[in-house]
Amino acid sequence: MLKSLSRAVSVAARLSTKAPAARAAEALVGPALCAPSSASTRPFTRSIWMLCSSNGATSGPRPKLLTTKRVLPSVPCGCGGLHTEGDKAFAEFLTDEIKEEKKIQKSKTLPKMSGGWELELNGTEAKLVRSISGEKVSVTFNINNSIPPTLEEEPEQGQKAEDNEPDIVSTPNFVIEVTKQGAKNSLVFDCHFPEDEMYVSEQIGHGEGEEESDIFAIREVSFQPEGDSDWKETSYTLNTDSLDWALYDHLMDFLADRGVDNTFADELVELSTALEHQEYIKFLEDLNSFIKCH
């Protein structure tokens, strides 16, 4: 009897000493076996939605388990090209732009040059040719990059901004080639419209005895092989920046005697402006067709 009582007391003592350890083990194992009560207590068991959500509290970048690539809206087309909503808006803008440019186009045909000049076109390059007393005079220019930058001015009081917009005028550089029969080389002039002077298509009247100023200038003069499109750097080139004014005036008179004067330069600007506008409209039409894939 005494042995049974002592055994019962010893078992009770052992159970009392193991209770704290068991409770500690249960505290560690229990949460792992129970259902999660909240995301804050079990961050490592967040669902895929929580991982992809931006509302979860994390210290670093969250891995995107379910992501999709952005697909641009497109319209099926037989050309196999991409057609987005942006392309559609772009094409609509170009259509309106073409209509507006055609409204302000003065004429669909290019203006004629006086003085018997014949016009030859090769894309954006134009060539004017004239024969006079056994001499051949040709003037070549390209309309690309021929429109000088315009400075926007503040409209005056009571004036609309549209009325203050300057006209777009093409003032290209041009090369004059004078060829004489029997001459070894041609005399070539590299000319331009000075940028520091605003070009005015309608020249202001001059007083009596006052000379009309030149609206174009000679930049360089050189002898070059006839018909050679490339300027030979091995040929001596006379730069007019430091040239004696008397010699320069004689060179300008030489050109004027062959039909290249202020009247010619005025008409060249008119021709170049019309050609540039024509090519601009054609470019918009080609761009519109490219965007639409027609």
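Is glutamate 212 buried, partly exposed or exposed? At 42% relative accessibility, glutamate 212 counts as partly exposed. The legends below describe close-up views of a predicted model.

**View 1. Acidic residues gather around glutamate 212 on the surface.** The patch carries negative charge. Its members are Glu212, Asp214, Asp244, Asp249, Asp253 and Asp257. Glutamate 212 sits in a loop that runs between strand 5 (186–192) and strand 6 (217–224). The partly exposed state of glutamate 212 follows from its 42% relative accessibility, because that class lies between the 20% and 50% cut-offs.

**View 2. The whole protein, for orientation, has five helices and seven strands.** Along the sequence the order is α-α-α-β-β-β-β-β-β-β-α-α. The protein has 294 residues, and 26% of them are buried. Take the contacts with a separation of 6 or more: residues 24 or more positions apart account for 56% of these. The exposed area is about 21700 Å². Carbon and sulfur atoms supply 54% of that area.

**View 3. Alanine 91 packs against residues far along the sequence, among them isoleucine 291.** Alanine 91 belongs to helix 3, which spans residues 85–104. Its relative accessible area is 8%, so alanine 91 is buried. What does alanine 91 touch, not counting residues up to four places away in sequence? The partners are Asn288, Ile291 and Lys292. Alanine 91 and isoleucine 291 are separated by 200 residues in sequence. In space, their C-alpha atoms are 6.4 Å apart.

**View 4. Lysine 103 and glutamate 100 pair within helix 3.** The two residues form a salt bridge, with 3.6 Å between the closest N and O atoms. They are three residues apart in helix 3, which means a separation of about one helical turn. Lysine 103 is exposed, at 64% relative accessibility. Glutamate 100 is partly exposed, with a relative accessible area of 44%. A search of the whole structure finds six salt bridges. Side chains of opposite charge can pair when their charged atoms come close.

**View 5. A salt bridge joins lysine 180 to glutamate 135.** The N to O distance is 2.2 Å. Lysine 180 lies in strand 4 and glutamate 135 in strand 3, so the pair ties together parts that are 45 residues apart in sequence. How accessible is each partner, buried or partly exposed? Lysine 180 is partly exposed, with a relative accessible area of 41%. Glutamate 135 is buried, at 10%.

**View 6. Arginine 219 and aspartate 190 form a salt bridge.** Their closest N and O atoms are 3.5 Å apart. The pair links distant parts of the chain, with arginine 219 in strand 6 and aspartate 190 in strand 5. The two residues are 29 residues apart. Arginine 219 is partly exposed, with a relative accessible area of 28%. Aspartate 190 is buried, with 15%. Elsewhere, salt bridges that share partners join Glu135, Lys180 and Arg258 into one network.

**View 7. Histidine 192 contacts several residues, including Arg219.** Histidine 192 lies in strand 5. At 17% relative accessibility, histidine 192 counts as buried. Which residues are in contact with histidine 192, leaving aside its neighbours within four places in sequence? They are Asn173, Phe174, Phe216, Ala217 and Arg219.

**View 8. Serine 133 has a positive phi in a loop.** The phi of serine 133 is near 50°. The loop lies between strand 2 (125–132) and strand 3 (135–142). Serine 133 is exposed, with a relative accessible area of 76%. Most residues other than glycine have a negative phi.

**View 9. Asparagine 145 also sits in a loop and has a positive phi.** Here phi is near 55°, in a residue other than glycine. The loop runs between strand 3 and strand 4 (174–180). What is the accessibility class of asparagine 145? At 84% relative accessibility, asparagine 145 counts as exposed.

Note on methods:
Residues are numbered from 1 along each chain as its sequence is written. This is a predicted model: local features need pLDDT of at least 70, side-chain atom pairs count only at pLDDT 80 or more; totals for chains, interfaces and linings use all residues. Side-chain values use heavy atoms; hydrogens and water are left out. Patches are made of residues with over 30% relative accessible area and no salt bridge: like charges are joined within 9 Å, nonpolar side chains (Val, Leu, Ile, Met, Phe, Trp, Tyr) within 5 Å. Accessible areas come from the Shrake-Rupley method with a 1.4 Å probe; for residues, only the protein chains shown count as cover. A salt bridge is a side-chain nitrogen of Lys or Arg within 4 Å of a carboxyl oxygen of Asp or Glu. Lys and Arg count as positive and Asp and Glu as negative; His and the chain ends are not counted. The place of a charge is taken as NZ of Lys, CZ of Arg, CG of Asp or CD of Glu. Helices (H or I, at least four residues) and strands (E, at least two) are DSSP runs, numbered from the N terminus. Buried means under 20% relative accessible area, exposed over 50%, partly exposed in between (1.4 Å probe, protein chains only). Contact means heavy atoms within 4.5 Å.
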